[in-house]
Amino acid sequence: MESESLATVAVDGAQIVCRAIGKGPPLLVLNGFAATGADWDPSFVDKLASSNQLNLLNNRGIGGSTDNGQPFGILKLADDAAHVIETLGLDRTSVLGWSMGGFIAQTLAVEHPDLVNKLILLSTDSGGTDADLASPAVWSQLIDISGTPREQARRLLFLLFPNDVAEFFYRDFGDIIAAARAQLSPNLLRRQAAAMDAWHSSSVAHRLRQIRGPVLIATGTEDIVVPPSNALKLMNAIPNA
């Protein structure tokens with residue numbers, strides 16, 4: 001069992017919770033929409049923690065992190081992450097971002113290049129008008145918070161994964177995901193959704209050529225939330241991807 005520690009870092013209008021696990025070079029992990037560090041597959045976390053000090057950051061307003069209830073954008077979330085890196089002394093950390101966490105990771109690398117060593121971008125897009133978006137039906141399902149927590153968990157899993165995989169995860173982890181959904185603030189989810197909408201009308205994409213470190217991009221070929229065509233666009237936009 002890897003050793004764990006929990007840190008709370010004060011940032012502008014918020015307290016950010018960050019869980020550290022494992023030993024080795026630092027790797028900051030940034031979550032997708034409505035997700036916390038507890039939502040990663042435990043075997044995925046354990047494997048990464050065997051050779052890295054994982055730092056699982058919970059964005060403001062979720063997973064024990066607090067905020068002031070005000071609207072925020074991806075830039076604010078990236079500045080939060082930068083403050084956590086500096087406060088915890090994670091100099092030149094590698095950064096892994098999934099989906100919305102990938103938006104944050106890209107912005108962090110552009111705005112705070114001295115803090116980032118390498119980037120791992122999972123199922124994400126480059127923002128702006130060039131990004132390929134989910135269909136309106138899929139997007140509405142993603143941000144739908146109606147129904148019981150158990151119903152929300154099932155709907156989310158069958159949106160994120162092929163049916164057979166979703167059924168497996170629902171059987172084994174449905175209760176855990178439902179418990180997490182029950183803790184979510186509808187207001188927080190609306191603000192995260194607004195931040196993602198703003199990302200897709202932002203101008204960050206043209207600045208991605210400023211990213212100089214190595215970048216690994218991975219996507220799911222059957223992803224309907226973040227279409228896999230975005231991976232190729234990211235690869236073409238970032239010099240060392």
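Mentor: Helices and strands here are DSSP runs, numbered from the N terminus, with at least four residues for a helix and at least two for a strand. The model is predicted. Start with Thr 36, in the loop between strand E3 (26-30) and helix H1 (42-49).

Trainee: Why is Thr 36 called buried?

Mentor: Its relative accessible area is 12%. The cut-off for buried is under 20%. Thr 36 therefore counts as buried.

Trainee: Which residues does Thr 36 touch, beyond those up to four places away in sequence?

Mentor: Asn 31, Asn 58, Ile 62 and Gly 63.

Trainee: Next, Asn 59. Where does Asn 59 lie, and is Asn 59 buried or exposed?

Mentor: Asn 59 lies in the loop between strand E4 (53-57) and H2. Its relative accessibility is 2%. Under 20% is buried, so Asn 59 is buried.

Trainee: What is Asn 59 in contact with, leaving aside neighbours within four places in sequence?

Mentor: Ile 16, Asn 31, Ser 65, Leu 77, Met 100, Ile 104 and Gln 192. Asn 59 also sits 9.3 Å from Ala 34, C-alpha to C-alpha, with their positions 25 residues apart in sequence.

Trainee: Now the helix pairs. What makes H2 and H3 roughly perpendicular?

Mentor: Helix H2 (residues 74-88) and helix H3 (residues 100-111) pack at about 65°, axes 8 Å apart. Roughly perpendicular covers 65 to 115 degrees. The pair therefore gets that label. H2 passes H3 in a right-handed crossing.

Trainee: Which residues make that contact?

Mentor: From H2, they are Ile 74, Leu 75, Leu 77, Ala 78, Ala 81, Ala 82 and Ile 85. From H3, they are Met 100, Phe 103, Ile 104, Thr 107, Leu 108 and Glu 111. The split is 11 nonpolar, 1 polar and 1 charged.

Trainee: Why are H3 and H7 called oblique?

Mentor: H3 and helix H7 (residues 186-199) pack at about 55°, with axes 11 Å apart. Roughly parallel needs under 35 degrees, and roughly perpendicular starts at 65. An angle of about 55° fits neither, so the pair is oblique. The crossing is left-handed.

Trainee: What meets what between H3 and H7?

Mentor: Met 100, Phe 103, Gln 106 and Thr 107 in H3 meet Gln 192, Met 196 and Trp 199 in H7. Those residues divide into 4 nonpolar, 3 polar and no charged.

Trainee: How do you know that H5 and H6 are oblique?

Mentor: Helix H5 (residues 149-160) and helix H6 (residues 163-182) pack at about 140°, axes 8 Å apart. Roughly perpendicular ends at 115 degrees, and roughly antiparallel needs over 145. H5 and H6 are therefore oblique. Their crossing is right-handed. Their contact residues divide into 11 nonpolar, 3 polar and 5 charged.

Trainee: Arg 150 is in helix H5. Why is Arg 150 called partly exposed?

Mentor: Its relative accessible area is 29%. Buried means under 20%, exposed means over 50%. Arg 150 falls in between, so it is partly exposed. Beyond neighbours within four places in sequence, Arg 150 contacts Tyr 170, Gly 174, Asp 175 and Ala 178.

Trainee: How far is Arg 150 from Arg 181 in sequence and in space?

Mentor: They are 31 residues apart in sequence and 8.1 Å apart in space, C-alpha to C-alpha.

Trainee: What makes a set of residues a nonpolar core?

Mentor: Its members must be buried nonpolar residues of the listed kinds, joined through side-chain atoms within 4.5 Å. The largest such core has 53 residues, and Leu 108 and Leu 119 have the most contacts inside it. Apart from it lies another core, of 11 residues, among them Val 29, Ala 49, Leu 54 and Leu 122.

Trainee: Last, backbone angles. What makes Arg 92 and Ser 99 worth a look?

Mentor: Most residues other than glycine have a negative phi. Arg 92 has a positive phi of about 50° and is not a glycine. Ser 99, also not a glycine, has a positive phi of about 55°.

Trainee: Where are they, and how is each classed by accessibility?

Mentor: Arg 92 is in the loop between H2 and strand E5 (93-98). At 43% relative accessibility, it lies between the 20% and 50% limits, so Arg 92 is partly exposed. Ser 99 lies in the loop between E5 and H3. Its 11% is under 20%, so Ser 99 is buried.

Notes
Residues numbered from 1 in each chain as written. Predicted model: local features only at pLDDT ≥ 70, side-chain atom pairs only at ≥ 80, totals over all residues. Heavy atoms only, no water. Axes fitted to C-alpha atoms, helices over the stretch in contact; angles between N-to-C directions. Left-handed = near helix turned anticlockwise from the far one by under 90°. Nonpolar A, V, L, I, M, F, W, Y, C, P; charged D, E, K, R; others polar. Buried < 20%, exposed > 50% of the residue type's maximum accessible area, 1.4 Å probe, protein only. Contact = heavy atoms within 4.5 Å.
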